[in-house]
Amino acid sequence: MRVLKFGGTSVGSKEALEKLAQIVANAGKVAVVVSALNGVTDQLISLGKLASVQDTRYREDFLELEKRHLNIIAELFSELERHAVGEEVKKNLRLLADILHGVFLLKELSLRTLDVITSFGERF
(Lines give C-alpha, C1' and ligand atoms only; values in the text may rest on other atoms or scores of the structure.)
Protein backbone atom coordinates (compact mmCIF):
# COMPACT_ATOMS: atom_id res chain seq x y z
CA MET A 1 0.00 0.00 0.00
CA ARG A 2 1.18 3.50 -0.78
CA VAL A 3 1.02 6.35 1.72
CA LEU A 4 0.39 9.89 0.52
CA LYS A 5 1.49 12.67 2.90
CA PHE A 6 0.27 16.22 2.39
CA GLY A 7 1.83 19.14 4.27
CA GLY A 8 0.33 22.41 5.44
CA THR A 9 0.39 24.24 2.10
CA SER A 10 -1.44 21.30 0.50
CA VAL A 11 -4.28 21.82 2.96
CA GLY A 12 -4.15 25.60 3.21
CA SER A 13 -7.28 26.58 1.31
CA LYS A 14 -10.50 25.28 -0.22
CA GLU A 15 -8.81 25.07 -3.62
CA ALA A 16 -5.80 23.20 -2.26
CA LEU A 17 -8.05 20.73 -0.45
CA GLU A 18 -10.11 20.14 -3.59
CA LYS A 19 -6.90 19.44 -5.52
CA LEU A 20 -5.75 17.08 -2.76
CA ALA A 21 -9.08 15.22 -2.93
CA GLN A 22 -8.70 14.85 -6.69
CA ILE A 23 -5.20 13.44 -6.31
CA VAL A 24 -6.38 10.94 -3.71
CA ALA A 25 -9.41 9.94 -5.80
CA ASN A 26 -7.13 9.13 -8.74
CA ALA A 27 -4.42 7.39 -6.70
CA GLY A 28 -6.11 4.05 -6.13
CA LYS A 29 -5.73 2.23 -2.84
CA VAL A 30 -3.70 4.52 -0.56
CA ALA A 31 -3.44 5.69 3.02
CA VAL A 32 -3.61 9.46 3.36
CA VAL A 33 -1.85 11.53 6.02
CA VAL A 34 -2.50 15.26 6.20
CA SER A 35 -0.93 18.00 8.26
CA ALA A 36 -2.74 20.83 9.96
CA LEU A 37 -4.04 23.61 7.73
CA ASN A 38 -1.31 25.99 6.65
CA GLY A 39 -0.22 28.14 9.61
CA VAL A 40 -2.38 26.35 12.19
CA THR A 41 0.48 24.70 14.11
CA ASP A 42 2.10 28.11 14.67
CA GLN A 43 -1.29 29.49 15.70
CA LEU A 44 -1.78 26.68 18.21
CA ILE A 45 1.66 27.30 19.73
CA SER A 46 0.79 30.97 20.03
CA LEU A 47 -2.52 30.15 21.74
CA GLY A 48 -0.71 28.04 24.33
CA LYS A 49 1.90 30.70 24.99
CA LEU A 50 -0.68 33.47 25.32
CA ALA A 51 -2.80 31.39 27.69
CA SER A 52 0.25 30.54 29.82
CA VAL A 53 0.94 34.21 30.52
CA GLN A 54 -2.78 34.87 31.11
CA ASP A 55 -3.08 37.01 27.99
CA THR A 56 -6.79 36.90 27.19
CA ARG A 57 -6.08 37.50 23.50
CA TYR A 58 -5.77 33.72 23.27
CA ARG A 59 -9.58 33.59 23.36
CA GLU A 60 -9.96 35.91 20.36
CA ASP A 61 -7.29 34.00 18.44
CA PHE A 62 -9.02 30.74 19.33
CA LEU A 63 -12.26 32.07 17.83
CA GLU A 64 -10.39 32.90 14.61
CA LEU A 65 -9.04 29.35 14.49
CA GLU A 66 -12.53 27.96 15.07
CA LYS A 67 -14.03 30.19 12.39
CA ARG A 68 -11.38 29.18 9.85
CA HIS A 69 -12.06 25.48 10.31
CA LEU A 70 -15.83 25.81 10.31
CA ASN A 71 -15.70 27.99 7.18
CA ILE A 72 -13.62 25.39 5.34
CA ILE A 73 -16.11 22.71 6.34
CA ALA A 74 -18.97 24.88 5.06
CA GLU A 75 -17.17 25.39 1.74
CA LEU A 76 -16.22 21.78 1.12
CA PHE A 77 -19.06 19.61 2.35
CA SER A 78 -22.72 19.13 1.54
CA GLU A 79 -25.20 20.07 4.24
CA LEU A 80 -25.55 16.47 5.41
CA GLU A 81 -21.78 15.89 5.53
CA ARG A 82 -21.19 19.32 7.04
CA HIS A 83 -23.17 18.40 10.14
CA ALA A 84 -21.24 15.19 10.84
CA VAL A 85 -17.82 16.67 10.11
CA GLY A 86 -18.65 19.89 11.95
CA GLU A 87 -19.72 18.04 15.08
CA GLU A 88 -16.43 16.14 15.20
CA VAL A 89 -14.41 19.33 14.75
CA LYS A 90 -16.54 21.17 17.34
CA LYS A 91 -15.94 18.35 19.84
CA ASN A 92 -12.19 18.79 19.37
CA LEU A 93 -12.52 22.58 19.56
CA ARG A 94 -14.28 22.28 22.92
CA LEU A 95 -11.54 19.98 24.21
CA LEU A 96 -8.85 22.39 23.01
CA ALA A 97 -10.67 25.32 24.64
CA ASP A 98 -10.74 23.41 27.94
CA ILE A 99 -7.02 22.64 27.75
CA LEU A 100 -6.17 26.26 26.94
CA HIS A 101 -8.32 27.43 29.84
CA GLY A 102 -6.40 25.06 32.12
CA VAL A 103 -3.10 26.49 30.86
CA PHE A 104 -4.50 29.98 31.50
CA LEU A 105 -5.52 29.10 35.07
CA LEU A 106 -2.29 27.29 35.94
CA LYS A 107 -0.02 29.81 34.19
CA GLU A 108 1.98 26.83 32.94
CA LEU A 109 2.70 25.37 29.51
CA SER A 110 4.74 22.20 29.78
CA LEU A 111 6.23 20.60 26.68
CA ARG A 112 3.79 17.73 27.07
CA THR A 113 0.82 20.10 27.16
CA LEU A 114 2.17 22.02 24.17
CA ASP A 115 2.43 18.72 22.26
CA VAL A 116 -1.21 18.00 23.06
CA ILE A 117 -2.24 21.48 21.94
CA THR A 118 -0.37 21.28 18.65
CA SER A 119 -1.83 17.82 17.95
CA PHE A 120 -5.20 19.46 17.40
CA GLY A 121 -4.09 20.81 14.04
CA GLU A 122 -4.00 17.32 12.60
CA ARG A 123 -7.11 16.29 14.49
CA PHE A 124 -9.10 19.08 12.87
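**Notes on a predicted helical model**

1. Let's start with charge. The protein carries 17 positive and 17 negative side chains, and the centres of these two sets sit 4 Å apart. Bear in mind as you read on that this is a predicted model.

2. Now the layout. There are 5 helices and 2 strands in the protein. Starting at the N terminus, the order of elements is β-α-β-α-α-α-α. The C-alpha trace spans about 50 × 30 × 20 Å along its principal axes.

3. Next, surface and burial. The protein's accessible surface comes to about 7,700 Å², and carbon and sulfur atoms account for 54% of that. Of the 124 residues, 32% are buried. As for how the chain meets itself, take the contacts with a separation of 6 or more: 67% of them are between residues 24 or more positions apart.

4. Which residues touch the most other members of the largest nonpolar core? This core has 28 residues, and the ones to click on are Leu44, Leu47, Tyr58, Leu65, Leu96, Leu100 and Phe124. Two or more core residues come from each of β1 (2-6), α1, α2 (40-52), α3 (57-76), α4 and α5 (111-123). Helix α4 is the top contributor, giving 6 residues.

5. Leu44 deserves a look of its own, being one of those core residues that touch the most other members. Setting aside residues up to four places away in sequence, Leu44 touches Leu65, Leu96, Ile117, Thr118, Phe120 and Gly121. Two of the names in that list, Leu65 and Leu96, also appear among the core residues that touch the most other members.

6. On to the rings. The structure holds 2 aromatic pairs. One is Tyr58 with Phe104, a tilted pair at 5.7 Å centre to centre with 35° between the planes. Tyr58 belongs to helix α3 and Phe104 to helix α4, so this pair links parts of the chain that are distant, 46 residues apart. Are these two rings buried or exposed? Tyr58 counts as buried because its relative accessible area is 4%, and Phe104 counts as buried because its value is 12%; the cut-off for buried is under 20%.

7. The other pair is Phe120 with Phe124, again tilted, with 5.9 Å centre to centre and 40° between the planes. Phe120 has 0% relative accessibility, so it counts as buried. Phe124, at 18%, is buried too, with the limit being under 20%. Phe124 is also one of the core residues that touch the most other members.

8. Don't skip Asn92, which is found in helix α4 (residues 79-106). Its relative accessible area is 9%, so this residue is buried. What does Asn92 contact, leaving aside its neighbours within four places in sequence? The partners are Phe120, Arg123 and Phe124. Two of these, Phe120 and Phe124, are the rings of the tilted pair just described.

9. Finally, a residue with more cover missing: Ala21, in helix α1 (residues 14-25). Ala21 is partly exposed because its relative accessible area is 44%, and that class runs between the 20% and 50% cut-offs. If you want a distance to check in your viewer, try Ala21 to Ala74: their C-alpha atoms are separated by 16 Å, with the two residues 53 apart along the chain.

Definitions and conventions:
Residues numbered from 1 in each chain as written. Predicted model: local features only at pLDDT ≥ 70, side-chain atom pairs only at ≥ 80, totals over all residues. Heavy atoms only, no water. Helix = DSSP H or I, 4+ residues; strand = E, 2+ residues; numbered from the N terminus. Buried < 20%, exposed > 50% of the residue type's maximum accessible area, 1.4 Å probe, protein only. Contact = heavy atoms within 4.5 Å. Core = buried A, V, L, I, M, F, W, Y, C linked by side-chain atoms within 4.5 Å. Areas by Shrake-Rupley, 256 points an atom, 1.4 Å probe, with all protein chains shown as cover. Lys, Arg positive; Asp, Glu negative; His and termini not counted. Charge placed at Lys NZ, Arg CZ, Asp CG, Glu CD. Phe/Tyr/Trp six-rings, centres within 6.5 Å; stacked < 30°, edge-to-face > 60°.
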